[in-house]
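Subject: Handing over the structure, with notes on what was found

Dear colleague,

I am passing this structure on to you, and I would ask you to keep it open while you read the notes below.

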Number of protein chains: 2
Amino acid sequence: MYRISQLARKFGLSRSTLLYYDQERLLSPSGRSEAGYRLYSETDLERLAAIVSFRKAGLSVEETRAVLESQEGETSVLRKRLAAIGAEIRALQVQQHLLARMLRVQSEGGLPESVDKETWVAMLRAAGMDDKAMETWHAEFERRAPQAHHTFLLGLGIPEQEAQVIREWSAAAAPARSSRTR
Amino acid sequence: MYRISQLARKFGLSRSTLLYYDQERLLSPSGRSEAGYRLYSETDLERLAAIVSFRKAGLSVEETRAVLESQEGETSVLRKRLAAIGAEIRALQVQQHLLARMLRVQSEGGLPESVDKETWVAMLRAAGMDDKAMETWHAEFERRAPQAHHTFLLGLGIPEQEAQVIREWSAAAAPARSSRTR
DNA sequence: ACTAAACCGTGAAGCTGTAGACGGGTCAAT
DNA sequence: ATTGACCCGTCTACAGCTTCACGGTTTAGT
């Protein structure tokens with residue numbers, strides 16, 4: 001049986017966090033000592049391990065409780081979170097390029113946090129890719145992971161609309177090895 | 001002169017948000033009507049436009065006030081935020097791959113939100129890149145934008161340590177057109 | 001002149017997840 | 001018994017808003 005601060009240290013959490021989890025009925029200690037201290041069992045410990053990993057994946061306390069309460073196989077919450085992460089990343093990339101433009105850090109030689117379209121193309125060219133190869137590459141990207149392709153394009157600071165256009169002609173290009181290849 | 005709700009609609013904000021900005025002394029109306037209504041001038045409107053764009057870039061209310069109060073050229077807050085965004089993106093990418101592994105969505109044919117190392121390499125190969133070309137490309141990436149290179153590698157689900165290793169041999173590889181080229 | 005709808009101000013409370021302060025309890029060594 | 005170091009439970013605060021409640025004001029229409 002662990003007391004609250006011991007358990008907190010064991011998992012690298014703060015005591016407040018465990019108190020909060022108790023309050024929110026996410027993890028309640030299975031017993032109390034005579035003095036009213038919370039006592040956590042081995043079972044509680046296992047549950048906490050699961051909680052920590054879901055929280056690391058960015059689930060809210062409520063979502064975590066939902067996943068743990070529904071018997072295994074309830075993946076809808078996870079899927080929702082995965083989609084949300086994609087959106088968050090894209091939003092941050094927009095912020096990144098907004099700031100980079102404000103600072104004009106890129107052009108002034110400071111080492112950039114993010115890469116823009118021109119730099120990206122230049123790097124691929126340095127590695128020997130030509131226009132045709134890049135087309136093939138975009139087509140492959142669109143075929144295998146359209147969402148990730150979109151995120152990637154925004155990551156280069158390409159605006160929403162232009163990204164759409166690129167994706168459309170990527171999709172239109174003949175897929176590399178589909179059965180429908182003319 | 002605008003009244004509070006008019007201004008809010010004009011900028012796609014809620015009345016409450018503007019009340020909050022007033023309370024926090026981020027944007028105070030330059031006048032009041034006889035009945036005590038807040039009246040915003042054209043100057044206020046311009047300030048709000050600036051505020052909105054800084055907030056979109058993820059600055060806190062306090063940071064935004066700091067940037068606006070210091071006369072132009074105070075870029076340290078912006079730089080700090082830019083670095084923070086990079087860290088946030090990397091953290092989200094880790095979450096993304098954590099979840100993808102939990103769901104095993106990748107292998108089961110669902111279209112993935114994120115791309116892993118194998119898929120990435122396969123796409124470059126499909127576009128005609130060989131091992132040597134990839135080395136050149138990593139070296140270029142590391143040379144031009146080390147931070148972004150790191151973020152990129154984590155984005156492929158490559159763990160921190162391995163990313164370090166890749167970056168080290170990228171840096172060691174002879175840069176394409178540095179003056180030191182052997 | 002009057003009424004109803006839409007506005008305004010102020011103030012308070014709530015939200016998430018965590019950090020910290022407060023006063024009192026426990027325990028080993030003296 | 002007492003000191004000191006730690007621990008406990010409870011309560012409050014933080015950002016950045018939103019929502020609610022209360023009562024006064026403006027505006028349009030009759």
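A word is needed before the contacts with DNA: a polar contact is a pair of N or O atoms within 3.5 Å. With that in mind, a backbone N or O atom of Val61(A) lies 3.3 Å from a phosphate oxygen of DNA strand C. Please remember throughout that this is a predicted model.

DNA strand C

In total, 20 residues surround DNA strand C, and the closest are Ser14(A), Tyr20(A), Ala35(A), Ser5(B) and Arg38(B). Two of these residues can be followed down to single atoms: an N or O atom in the side chain of Tyr20(A) is 3.4 Å from a phosphate oxygen of the strand, while a polar side-chain atom of Arg38(B) lies 2.3 Å from a phosphate oxygen of DNA strand C. Of the strand's atoms within 4 Å of the protein, 76% belong to sugar or phosphate, and the rest belong to bases. As for the helices, α2 of chain A, together with α1 (4-11) and α2 of chain B, each supply at least two residues of the surface near this strand, and the largest share, five residues, comes from α2(A).

DNA strand D

Around DNA strand D there are 21 residues, the closest being Ser5(A), Arg38(A), Ser14(B), Thr17(B) and Arg55(B). Sugar and phosphate account for 74% of the atoms of this strand that come within 4 Å of the protein. In the side chain of Ser14(B), an N or O atom is 2.5 Å from a phosphate oxygen of DNA strand D, and a backbone N or O atom of Val61(B) lies 3.5 Å from a phosphate oxygen of the strand. For Tyr37(B), the partner is a sugar or linking oxygen of DNA strand D, which lies 3.1 Å from a polar side-chain atom of this residue. The largest share of the surface near DNA strand D, four residues, comes from α2(B).

Domains and cores

In chain A, the domain assignment gives domain 1 (2-69) and domain 2 (85-172), and the C-alpha centres of these two domains lie 41 Å apart. The largest nonpolar core has 38 residues, and those with the most contacts inside it are Trp120(A), Trp137(A), Trp120(B) and Trp137(B). Helices α6, α7, α8 and α9 of chain A and of chain B each supply at least two residues of this core. A second, separate core of 24 residues includes Leu92(A), Leu99(A), Leu103(A) and Leu99(B).

Which residues does Trp137(A) touch, if those up to four places away in sequence are not counted? They are Trp120(A), Leu124(A), Met129(A) and Phe152(A), together with Trp120(B), Met123(B), Leu124(B) and Ala127(B).

The helix α7(B) has 14 residues, and from its first C-alpha to its last it reaches 20 Å. Among its buried residues are Met134(B), Trp137(B) and Phe141(B), and what covers the buried residues of α7(B) includes α6 of chain A together with α6, α8 and α9 of chain B.

A buried arginine

Arg90(B) is found in helix α5 (residues 76-103) of chain B, and it counts as buried because its relative accessibility is 14%, where the cut-off for buried is under 20%. The side chains of Arg90(B) and Gln147(B) are joined by a polar contact of 3.0 Å. Leaving aside residues up to four places away in sequence, Arg90(B) touches Glu113(A), Gln147(B), His150(B), Thr151(B) and Leu154(B).

With best wishes

Notes. Residues are numbered from 1 along each chain as its sequence is written. Chains are lettered from A and ligands numbered from 1 in the order in which they are written. This is a predicted model: local features need pLDDT of at least 70, side-chain atom pairs count only at pLDDT 80 or more; totals for chains, interfaces and linings use all residues. Side-chain values use heavy atoms; hydrogens and water are left out. Domain bounds come from an automatic or database domain assignment. A nonpolar core is a set of buried Ala, Val, Leu, Ile, Met, Phe, Trp, Tyr and Cys residues joined through side-chain atoms within 4.5 Å. Buried means under 20% relative accessible area, exposed over 50%, partly exposed in between (1.4 Å probe, protein chains only). Contact means heavy atoms within 4.5 Å. The expected span of a helix is 1.5 Å times one less than its number of residues. A residue is near a molecule or strand if one of its heavy atoms lies within 4 Å of it. A polar contact is a pair of N or O atoms within 3.5 Å; within protein, one must be able to donate a hydrogen and the other to accept it, and residues adjacent in sequence count only if both atoms are side-chain atoms.
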